[in-house]
Amino acid sequence: MKVGVLGTGYVGLVAGAGFADFGNEVICVDIDAERVAALNRGEVPIHEPGLPELVRENLAAGRLSFGTDVAAAVRDAEVVLICVGTPPAESGQADLSQVDAAARAIGQALRQSPRQSLTVIINKSTVPVGTAERVHRIVVGELEGKANGDMAAAPSARPFAVVSNPEFLKEGSAVEDFLRPMRVIVGLGPTHGLDGPEDHSGTEKVRAIMRHLYHPVVRTNDRLLFCDARSAELCKYASNAYLATRISFINDIANLCERVGADVELVRRGMGMDTRIGPSFLFPGIGYGGSCFPKDTRALVSIAQAHGMGLPLIEAAERINARQRRLLADKLLGHFGVEGADPDARPLTGRTIAVWGLAFKPETDDVREAPALAIIEHLVRCGARVHATDPVANRTAAAALVQLGVGERVSFFHDAYEAATGADALMLCTEWRQFRQPNFTRLQQLLAGTGVFDGRNIWDPDELRKHGFRYYGIGRP
Ligand code: NAD
């Protein structure tokens, strides 16, 4: 199949390279010309295991190419994927300006294309309910020449359909998730220039194209669910909000564990043994982050508000998460005897804190909404210096901390032990494999202080105590 992809971020790049790997001819376009040039050299601008190999192999085989010309990607394509960003607007609603621009560009390209057979426009971005209709309206507007004020132009009957096909990949295992998806949700949206509404052959054609596109990944099991576009759009938000709620739930229980002298690690393991509950997404810590959960929970709440209702459970999950992100810094202030002090009084002046892990989760260099950054910002505002280290996210974190206005108080290290050297306390924010079994004897010699703050409960409190550390975890006695 010929496939066009708009947007070469996490979603577009993985989908583009993945579909090319099945033998399709894929053209990926982005408005970021520098990114496109790097990709054409085989340089993948994000850290994602397996992705550089997938991109390079398919570039070399000539099945995958990158450019900035939307018309080239859309002209002959049977399917066009919209994979652009949907960042949160100030109100919490999803900002759809990138989706609108992509839809306009697709409409213009379709209008100019001589090809007369059906094109399926697949929305993979996470978007509010009703966006398939919105994309349809924009593309029809372009085909009819209205958007250009070109009222005299003959409307184009170029047939197309809009499908909502939300992406569920996880950063850090995105390639694996793409190749072995748990489910593929296809929400059938409005069509244009196909058969009449009483004749379902048009919809059948759309289903057949989507089945064909996903055939390589759903061969052994039918994990393909067809539904309407609105249900597909809501399914994505509801899934992310549910997972975020599980994290906030266990964080709430963790805090109760501290009060009552229970160990949340045992509580969560006991809970997870129940197959109705399961063990996933029940890890207490310093809160969820990343480019999806915070923005998608906010967007879902604002969708509900726009329809005159609240979502109290999800709103509570957000509040708990905001509190959880402050927890480790509060424990550290308590350790130094300045709990509750006004940050403006700079209670951590003269202290250096080593922070291990900056990415919002392991195996990615994405620091969007990473709890580590919020914690570092707070520590610096309280007067501390920070020695930061991450296996791959030093560069992205440095840029983000400069944006937050605290960059000059943070030094970055490649070596985790160097970061710890001379520090008054050590804080673990991301549970990278590399940090799981450090040499605590060496650390004890390198650190100037004794406080160790384990934001992901990956270390054994008894082992740390034996090494003379004061251990602080989440929800552990
Ligand atoms: P991203 O910000 O990493 O990438 C988006 C890309 O789209 C950028 O490179 C940008 O330059 C490009 N772009 C913007 N407007 C464009 C246009 N008109 N034409 C062509 N390119 C354009 O975003 P992402 O993380 O890949 O996420 C994309 C969407 O998928 C979002 O809606 C997100 O919520 C959703 N999603 C993300 C993930 C994830 O883990 N990152 C997982 C599932 C779903």
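**Close-up views of a predicted model**

**View 1. Cysteine sulfurs are shown at Cys227, Cys235, Cys429 and Cys382.** The sulfur of Cys227 has its closest cysteine sulfur in Cys235, 7.0 Å away, which is too far for a bond. The model is predicted: local features need pLDDT of at least 70, side-chain atom pairs count only at pLDDT 80 or more, and totals for chains, interfaces and linings use all residues. Residues are numbered from 1 along each chain as its sequence is written, and side-chain values use heavy atoms, with hydrogens and water left out. For Cys429, the closest cysteine sulfur belongs to Cys382 at 14 Å, again too far for a bond. How many disulfides does a search of the whole structure find? The search finds zero disulfides (a disulfide is a pair of cysteine sulfur atoms within 2.5 Å). Cys429 itself counts as buried, at 1% relative accessibility (buried is under 20% relative accessible area, exposed over 50%, partly exposed in between, with a 1.4 Å probe and protein chains only).

**View 2. The ligand lies between domain 1 and domain 2.** Both domain 1 (2-222) and domain 2 (228-477) give residues to the shell around the ligand, so the ligand lies between them (the bounds come from an automatic or database domain assignment). The ligand is surrounded by 25 residues (each has a heavy atom within 4 Å of it). The closest of these residues are Tyr10, Asp30, Thr86, Glu171 and Lys295. By class, the shell holds nine nonpolar, nine polar and seven charged residues (Ala, Val, Leu, Ile, Met, Phe, Trp, Tyr, Cys and Pro count as nonpolar, Asp, Glu, Lys and Arg as charged, and the others, Gly among them, as polar). Helices α1 (10-21) and α5 (97-112) each supply at least two residues of this shell (helices are DSSP runs of H or I, at least four residues, and strands are runs of E, at least two, numbered from the N terminus).

**View 3. Backbone atoms of Tyr10, Val11 and Thr126 meet oxygen atoms of the ligand.** A backbone N or O atom of Tyr10 is placed 2.9 Å from a ligand oxygen atom. For Val11, a backbone N or O atom also has a ligand oxygen atom at 2.9 Å. A polar backbone atom of Thr126 is 2.9 Å from an oxygen atom of the ligand. The ligand taken alone exposes 830 Å², of which the protein buries 89% (areas by the Shrake-Rupley method with a 1.4 Å probe).

**View 4. Gly16 is a buried residue of helix α1.** Is Gly16 buried or exposed? With a relative accessible area of 0%, Gly16 is buried. Its position is within helix α1. Gly16 and Val26 are separated by 10 residues in sequence, and their C-alpha atoms are 6.2 Å apart in space.

**View 5. Glu167 sits in a loop and reaches Leu169.** The loop that holds Glu167 runs between β6 (160-164) and α7 (174-179). Glu167 counts as buried, at 10% relative accessibility. The side chain of Glu167 reaches the backbone nitrogen of Leu169 at 2.9 Å.

**View 6. Arg346 and Glu363 have positive phi values.** Arg346 is a residue other than glycine, and its phi is near 50°. Arg346 belongs to the loop between α12 (312-335) and β9 (352-356), and at 37% relative accessibility Arg346 counts as partly exposed. Glu363 is not a glycine either, yet its phi is positive, at about 65°. The loop between β9 and α13 (371-381) contains Glu363. With a relative accessible area of 21%, Glu363 is partly exposed.

**View 7. Ala423 is shown in its loop, together with Thr352.** Ala423 occupies the loop between α15 (416-420) and β12 (425-428). At 0% relative accessibility, Ala423 counts as buried. Ala423 and Thr352 lie 71 residues apart in sequence, while their C-alpha atoms are 5.0 Å apart in space.

**View 8. Arg211 is a partly exposed residue of helix α8.** Helix α8 spans residues 201-214 and includes Arg211. The relative accessible area of Arg211 is 41%, which makes Arg211 partly exposed. Arg211 and Val184 are 27 residues apart in sequence, and the distance from C-alpha to C-alpha is 10.0 Å.

Notes
Polar contact = N/O pair within 3.5 Å; in protein donor to acceptor, adjacent residues only side chain to side chain.
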